[in-house]
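Colleague: Please take me slowly through one small part of this model, and then show me how the rest of the structure is arranged around your starting point. I am new to reading structures, so please spell out each step of the reasoning.

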Amino acid sequence: MSYLKDKSDSLQTAAKTIPASAWFFMSWLVLMTLIPFFIIVGMSFLERTEFGNIRFHFNFDNYLVTFNVVYLKVLLKTLWLALIATASCLVVGFPVAYYLAKQAGPMKQMGLILLFIPFWTNFILRIYGIVSLLGNNGLLNQMLLHYQIVDSPVRILYTRVGVYIGLIYNYLPFLVVPVYSALEKLDPTLREASFDLGAGRIQTFFKVVIPNIKEGVFVGSLFVFIPMLGEYVIPDLLGGAKEAFLGKVMVDQFFTMQNWPLGSAMATLLSVIMLFALILQNRWKKNSGEAHAA
Amino acid sequence: MQRRNRLVETIFWLVIAFLYLPLFYVIFQAFLVDPHNWKSGFTMMWIIKLFDSPSLWLPLGTSLEIAVISATLSVSLGTLGAVGLTPIAAMLPATFQTLIMLPILLPEVITGLSLLLFFLLLRMELGFWTVVIAHASFSASFVYFIMVEQIRKLDPQMNEAARDLGAKPNEVFWKVTLPNILPGVMGAWLLAFTLSFDDFLISFFTSGAGLTTLPLKIYSLMRIGVTPELNGLSFFMILISTFLVLILVSKEQSRKWVLKG
């Protein structure tokens with residue numbers, strides 16, 4: 001209790017010290033981010049009538065429905081796909097991060113910039129690029145047909161593989177950065193010490209490098225993994241109609257099924273997982289900060 | 001040793017190729033006589049045709065208007081916030097920090113859906129202004145963090161000196177603080193502009209039926225299928241986006257944010 005009281009006291013003092021100019025910004029954040037977010041949370045406890053209206057009747061049914069077999073299956077499928085995509089990003093991203101961390105001088109920054117420029121072109125365009133390459137009429141199939149490697153176009157798009165490629169394409173750099181910064185923080189003398197003590201390169205990698213970066217890499221992976229679960233456009237444009245994906249199922253609750261309370265429950269669950277990852281990250285930062293101080 | 005490094009380097013360049021290939025092919029495709037045939041020869045016809053067509057100019061205009069207004073709005077809000085909060089940043093409880101980070105951290109789908117519900121419950125008509133507000137709602141926090149860095153670099157004695165010489169708080173802001181952080185303000189504005197211009201998902205949720213930005217137009221054409229018009233529009237969009245990101249990278253204040261995506 002006293003903790004809560006302290007907390008509200010400190011909030012009050014903070015509120016008093018905030019200068020007038022900052023109030024615009026703070027009110028804007030409360031109005032345009034916090035309140036809409038709580039509308040979603042609140043909506044998840046309401047009920048939908050048969051006619052698609054919302055009834056103000058507080059209940060947890062939407063959360064129970066989320067754990068219904070149908071949605072559970074979607075959830076498991078989505079978790080699995082996102083897990084494989086995150087792992088693939090890690091496998092491909094690690095050498096990239098390693099290469100960048102080893103570079104000296106301007107190439108370091110240039111490499112990072114080179115990696116990120118495609119991500120500042122529009123998201124839809126990146127998806128369209130993948131469609132142009134992998135579609136039935138796409139470059140890949142045109143070439144395969146031209147060189148008579150196949151007789152009929154290979155179907156990659158509108159399957160699970162399409163979603164998988166789309167996920168890797170769009171999330172890869174966001175995993176390179178945390179791995180890169182974990183490698184950067186690694187004290188080079190640690191590796192030297194390991195060599196001096198007679199460890200080989202492989203032994204050093206598994207016994208010195210990996211244990212020292214694993215937490216940073218894990219948290220970085222979470223921040224790729226969680227948004228993947230909520231991905232809507234990638235499964236919509238690259239996946240087939242049959243492929244149910246969590247983010248798509250969630251958005252469809254709002255637009256086609258007209259079941260806002262259920263969609264809100266899914267959105268709330270996703271945000272809670274995200275917040276959980278944030279807490280993990282903070283704890284990790286604090287830990288590594290203390291380790292440095294000591 | 002040497003061979004291993006060569007391998008890592010090769011993987012790096014292969015990844016870069018993988019990331020750029022789709023975009024380069026989209027550009028290439030815009031000049032093909034038959035977009036479904038890479039050997040069909042080149043033509044400028046589609047691009048020229050597009051210049052006469054309202055399907056380029058209307059969405060482009062809408063996108064630019066939204067980006068300019070929302071960037072200006074978010075820069076005003078974020079800069080005011082940073083000017084007010086930076087001096088007392090150490091005293092702010094973690095709750096405040098989290099609130100400021102929230103628009104950056106929440107998955108875009110959640111931001112879009114929550115704003116959609118918010119607008120619908122307020123019975124606001126979805127369209128131009130809801131998109132402007134929605135864009136400013138996430139970019140204001142980006143602006144805030146850029147501006148905090150700029151203000152930290154300032155010498156606090158400058159403000160004190162101005163006050164000692166009799167300037168009112170308003171005057172201190174307009175005559176001392178603002179001129180000194182102006183390069184930062186411009187960098188932040190460009191970043192907010194780019195975020196808005198490139199945004200698809202938030203616009204998709206908050207635009208309603210009537211409004212079409214350039215990314216929304218590309219999306220709706222994509223659902224129909226590959227057409228020369230789609231290829232032409234994509235070509236223009238890539239040109240503009242690349243131009244914007246190159247400016248962002250060249251500016252010290254915004255470069256860091258480009259790398260965070």
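Modeller: B:Leu201 is part of helix H9 of chain B, which covers residues 201–206, and what follows should be read with the reminder that this is a predicted model. B:Leu201 has 20 other C-beta atoms within 10 Å, and because 20 or more is the cut-off for a buried residue, B:Leu201 counts as buried. When residues up to four places away in sequence are left out, the residues that B:Leu201 touches are B:Glu108, B:Val109 and B:Gly112, together with A:Val233 from the other chain. Sequence distance and spatial distance can be set side by side here, since B:Thr111 is 90 residues from B:Leu201 along the chain while their C-alpha atoms are separated by 9.3 Å.

The contact with A:Val233 leads to the question of how the two chains meet. In total, 68 residues of chain A are in contact with 68 residues of chain B. On the chain A side, the most is given by helix H2, residues 20–43, which supplies 16 residues. Sorted by class, that side of chain A consists of 54 nonpolar residues, 13 polar residues and one charged residue.

On chain B, B:Glu108 and B:Val109, two of the residues touched by B:Leu201, bring us to helix H5, which spans 108–121 and is followed by a loop leading to helix H6, 128–153. B:Arg123 sits in that loop, and its phi is positive, about 55°, although the residue is not a glycine. As background, most residues other than glycine have a negative phi. B:Arg123 is exposed, with 6 other C-beta atoms within 10 Å, whereas B:Leu201 is buried.

Still in chain B, two pairs of packed helices deserve a careful look. Such pairs are described by the angle between the two axes and the distance between them. Helix H7, residues 156–164, and helix H8, residues 169–198, have axes 10 Å apart and pack at an angle of about 140°. H7(B) and H8(B) are therefore oblique to each other, because an angle has to be over 145 degrees to count as roughly antiparallel. The crossing of H7(B) past H8(B) is right-handed. From H7(B), the residues B:Met158, B:Asn159, B:Ala162 and B:Arg163 meet B:Val172, B:Val176 and B:Thr177 of H8(B). This contact is made up, by class, of four nonpolar residues, two polar residues and one charged residue.

The second pair consists of helix H10, residues 214–224, and helix H11, residues 228–250, whose axes come within 10 Å and cross at roughly 150°. H10(B) and H11(B) are therefore roughly antiparallel to each other. Here the crossing is left-handed. The residues of H10(B) that take part are B:Leu214, B:Lys217, B:Ile218, B:Leu221 and B:Met222, and they meet B:Glu229, B:Leu230, B:Leu233, B:Ser234 and B:Met237 in H11(B). Seven nonpolar, one polar and two charged residues form this contact.

Chain A, the partner that reaches B:Leu201 through A:Val233, can now be described as a whole. Chain A contains 13 helices and two strands, and its C-alpha atoms fill a box of roughly 65 × 65 × 40 Å along the principal axes. Its radius of gyration is 24 Å, while a compact globule of 294 residues would have one near 19 Å. Of the 294 residues, 37% count as buried. Among the contacts of chain A with a separation of 6 or more, 67% join residues that are 24 or more positions apart.

One of the buried residues in chain A is A:Gly162, with 23 C-beta neighbours inside 10 Å, and this glycine belongs to helix H8 of chain A. Apart from neighbours within four places in sequence, A:Gly162 is in contact with A:Leu134, A:Ile156, A:Leu157, A:Leu238 and A:Gly239. A:Arg201, by contrast, is 39 residues from A:Gly162 in sequence and 37 Å from it in space, C-alpha to C-alpha.

The loop between helix H7 (139–146) and helix H8 (160–185) of chain A holds A:Gln148. Although A:Gln148 is not a glycine, its phi is positive, near 55°. A:Gln148 is exposed, having 7 other C-beta atoms within 10 Å, whereas A:Gly162 is buried.

Terms used. Residues are numbered from 1 along each chain as its sequence is written. Chains are lettered from A and ligands numbered from 1 in the order in which they are written. This is a predicted model: local features need pLDDT of at least 70, side-chain atom pairs count only at pLDDT 80 or more; totals for chains, interfaces and linings use all residues. Axes are lines fitted to C-alpha atoms, for helices over the stretch in contact, and angles run from 0 to 180 degrees between N-to-C directions. Helices (H or I, at least four residues) and strands (E, at least two) are DSSP runs, numbered from the N terminus. Angles under 35 degrees count as roughly parallel, over 145 as roughly antiparallel, 65 to 115 as roughly perpendicular and the rest as oblique. A crossing is left-handed if the near helix is turned anticlockwise from the far one by less than a right angle, and right-handed if clockwise. Two residues are in contact if their C-beta atoms, placed from the backbone, lie within 7 Å. Ala, Val, Leu, Ile, Met, Phe, Trp, Tyr, Cys and Pro count as nonpolar, Asp, Glu, Lys and Arg as charged, and the others, Gly among them, as polar. The radius of gyration is taken over C-alpha atoms; the globule rule is 2.2 Å times the number of residues to the power 0.38. A residue is buried if 20 or more other C-beta atoms lie within 10 Å of its own, exposed if 12 or fewer, and partly exposed in between; C-beta atoms are placed from the backbone.
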